[in-house]
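Thanks for making the time this morning. I would like to walk through one model with you, going from the whole chain down to individual residues.

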Amino acid sequence: MASGKATPRQKMINLMYLIFIAMLALNMSKEVLAAFGIMNEKLEASNEKTTESNLAFLGSLETKASENAAKFGKVYQDAQKIKDLSEDYFKYIETLKTGMTAKVEDPKDYARMDNSDYLDQKFFQGDNLSKDGKEFLKRINDYRTQVGAIVPENLKESVNTRFQLGDNGKVTKRDGTKQDWINYHYEGYPLVASLAKLTALQADIRTTEENALKAMLEGQLTNEISLKSFATSLEASKSAFYSGEKYDGKIIISKTDRSSKPVRAELTLDGRKLADGKDYILEDGGVKMLISSGSPGDHTIKGSLFFKQDGEEVPVEVNNTFATISKPNAALIAADKMNVVYRGVANPMSISIPGIPNNKVRASAPGLKQRSGSSYVMNPGKGRTVSITASGTLPDGQTVSSRSEFRIKDIPRPSGTVRGTANNTKMPRRNLEIATVGAMLEEFDFDLNIAVSGFKFRVPGQPTISVRGNKLDARAKSALKRAKRGDIVQIFDVQAYITNNRTYKLKKVSPVVVEITN
């Protein structure tokens with residue numbers, strides 16, 4: 001403002017300027033607070049997607065560990081440790097965020113989230129840190145140390161950098177002075193700004209977890225495709241041969257291009273050395289066997305196949321067996337998917353007799369129908385077991401007959417689902433409003449089309465609502481609007497049925513529990 005003695009009019013103009021500047025500052029403050037809120041929303045949405053991706057990576061590692069514990073067992077154990085550490089730290093931060101917004105009437109009204117009292121009182125006690133403040137720093141240090149010790153070597157530096165607490169716990173400010181890291185980042189900030197910072201810290205956790213899982217899976221797959229990790233298997237026109245038949249099997253290399261051809265082989269059959277060109281020939285994809293199937297019993301082929309890799313010969317061990325059987329005197333009957341048959345399901349069956357054409361084989365049992373060739377369908381009725389009788393005629397006129405018994409089981413209990421997720425789940429209220437309630441059979445060998453005709457819906461503090469159909473109706477949505485963040489909503493007494501077999505009564509569907517996240 002102008003120096004010297006001001007007139008009353010000038011004083012009024014100066015006062016108006018001050019008020020105008022204050023109003024601009026107030027508006028900018030609200031816009032900045034809103035910006036922090038929008039950024040927090042985007043980070044939370046990103047964290048949800050990353051969480052789903054990480055679960056998929058962990059699932060892939062779990063599957064590979066179950067298939068090959070020697071190669072993937074240790075990798076999966078380390079990945080699970082990182083997942084557990086990340087989940088524990090993520091939930092700790094989520095608890096802080098829940099406490100911060102517990103007294104906020106409208107979690108979307110970011111312009112009013114300008115108070116810094118919550119973290120100021122929780123983390124600081126005068127000029128010192130409170131117990132919670134020390135715990136906050138300890139959590140960061142523990143996570144960085146523990147995860148950094150597990151992740152692959154090329155990720156250790158990024159983990160340390162991402163969760164580093166400044167330079168020995170200090171941050172250099174623009175004026176050159178130093179301030180404690182926790183004071184610099186969390187003291188005196190508006191609530192919404194601190195909320196966004198904590199969500200960003202959660203994003204760092206999920207990113208660290210994602211990078212580690214990807215590196216572990218990709219690193220092990222790189223080792224997996226090396227020739228040194230390959231194995232061999234036998235491929236033949238049929239799984240068993242009559243005594244005296246020519247065995248037309250072929251040793252193939254697993255997990256390789258069929259154009260890969262070994263440069264040489266050293267093989268033995270039951271200890272007898274095999275000759276190239278006489279007992280086998282090298283061809284694209286492996287070795288073509290020319291040996292006799294031999295006498296009834298198991299036979300073992302051992303030795304090595306040699307492939308060129310980077311100019312050097314790399315051996316691949318061969319240790320395979322095949323069986324030679326005598327001419328059959330009984331039919332072979334087996335369920336395609338399991339050793340039992342299920343009531344209410346069209347159970348596929350394969351019924352055949354080795355050496356006898358399918359049109360010469362006859363099979364009978366209550367509920368058994370032939371589709372074509374050796375393919376049958378069994379629809380069992382009442383009782384606990386069903387017997388199938390199969391018979392056929394050999395080329396020499398001899399009749400072969402056999403009888404097999406199968407257990408009959410009911411379809412297991414379905415699990416209720418929301419958006420395809422069973423048991424317990426979390427989701428925002430708006431997602432639950434439009435979600436579809438369903439039912440599925442977990443780890444069941446048949447794909448059944450199960451539909452839902454109704455269910456019961458309960459919100460804490462609200463009466464139970466019966467809903468017709470598979471989505472929330474107006475009354476259920478009205479009750480849901482009264483649910484608060486963290487409330488547990490129950491979906492139970494789900495009425496489900498098989499669409500193409502409504503006469504079959506399914507077991508009671510297990511309920512679904514949904515935690516409201518906003």
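I will start with the overall make-up and then take helices, strands and a few backbone angles in turn.

What you have on the screen is a predicted model, and the protein chain in it has 9 helices and 29 strands. Of the 518 residues in the protein chain, buried residues make up 37%. If we take the contacts in the protein chain with a separation of 6 or more, residues 24 or more positions apart account for 62% of them.

Let me turn to the helices, beginning with α4, which covers residues 131-148. With 18 residues at 1.5 Å a residue, helix α4 should span 26 Å, and the C-alpha atoms at its ends are 25 Å apart, which agrees with that expectation. Its buried residues are Gly 133, Phe 136, Leu 137, Ile 140, Tyr 143, Arg 144, Val 147 and Gly 148. Looking down the axis of α4, these buried residues fall within an arc of 125°, so they line one face of the helix. The face turned away from that buried side carries the exposed residues Lys 131, Lys 134 and Thr 145.

Tyr 143 of α4 also brings us to another helix, since Tyr 143 is among the residues that Ser 86 touches. Ser 86 itself sits in helix α2, residues 69-100. Is Ser 86 buried or exposed? Its relative accessible area is 0%, and because buried means under 20%, Ser 86 counts as buried. Leaving aside residues up to four places away in sequence, Ser 86 touches Ile 205, Arg 206 and Glu 209 as well as Tyr 143. The side chain of Ser 86 also reaches the backbone oxygen of Ile 82, at 2.8 Å.

Now to the strands, and to an open sheet of 4 strands whose order is β15-β21-β20-β17, with mixed pairing. At its edges are β15 (340-342) and β17 (361-364), each of which pairs on one side only. From one strand to the next, the twist averages 30°. Strand β15 runs parallel to β21, residues 399-409, and 3 bridges join the two. Within that pairing, Val 340 has Arg 407 in β21 as its bridge partner.

A hairpin gives us a contrasting case, in that β10 (residues 280-283) and β11 (residues 286-289) pair in the antiparallel sense over 4 bridges. Here the bridge partner of Tyr 280 is Met 289 in β11. As a general point, side chains in a regular strand alternate between the two faces of the sheet. In β10, Tyr 280 and Leu 282 form the covered face, while Ile 281 and Glu 283 form the uncovered one. The hairpin has 2 residues between its strands, and Gly 285 takes a positive phi near 90°.

That leads to the backbone angles I would ask you to look at with some care. Most residues other than glycine have a negative phi. Which environments hold the positive values at Asn 168 and Asp 493? Asn 168, with phi near 55°, is found in the loop between α5 (156-162) and β3 (170-172), and at 75% relative accessibility it counts as exposed. Asp 493, with phi near 50°, lies instead in strand β28, residues 488-498, and at 24% relative accessibility Asp 493 counts as partly exposed.

Terms used:
Residues numbered from 1 in each chain as written. Predicted model: local features only at pLDDT ≥ 70, side-chain atom pairs only at ≥ 80, totals over all residues. Heavy atoms only, no water. Pairing = 2+ DSSP bridges. Axes fitted to C-alpha atoms, helices over the stretch in contact; angles between N-to-C directions. Buried < 20%, exposed > 50% of the residue type's maximum accessible area, 1.4 Å probe, protein only. Polar contact = N/O pair within 3.5 Å; in protein donor to acceptor, adjacent residues only side chain to side chain. Contact = heavy atoms within 4.5 Å. Expected span 1.5 Å × (residues − 1). Arc of directions from axis to C-beta.
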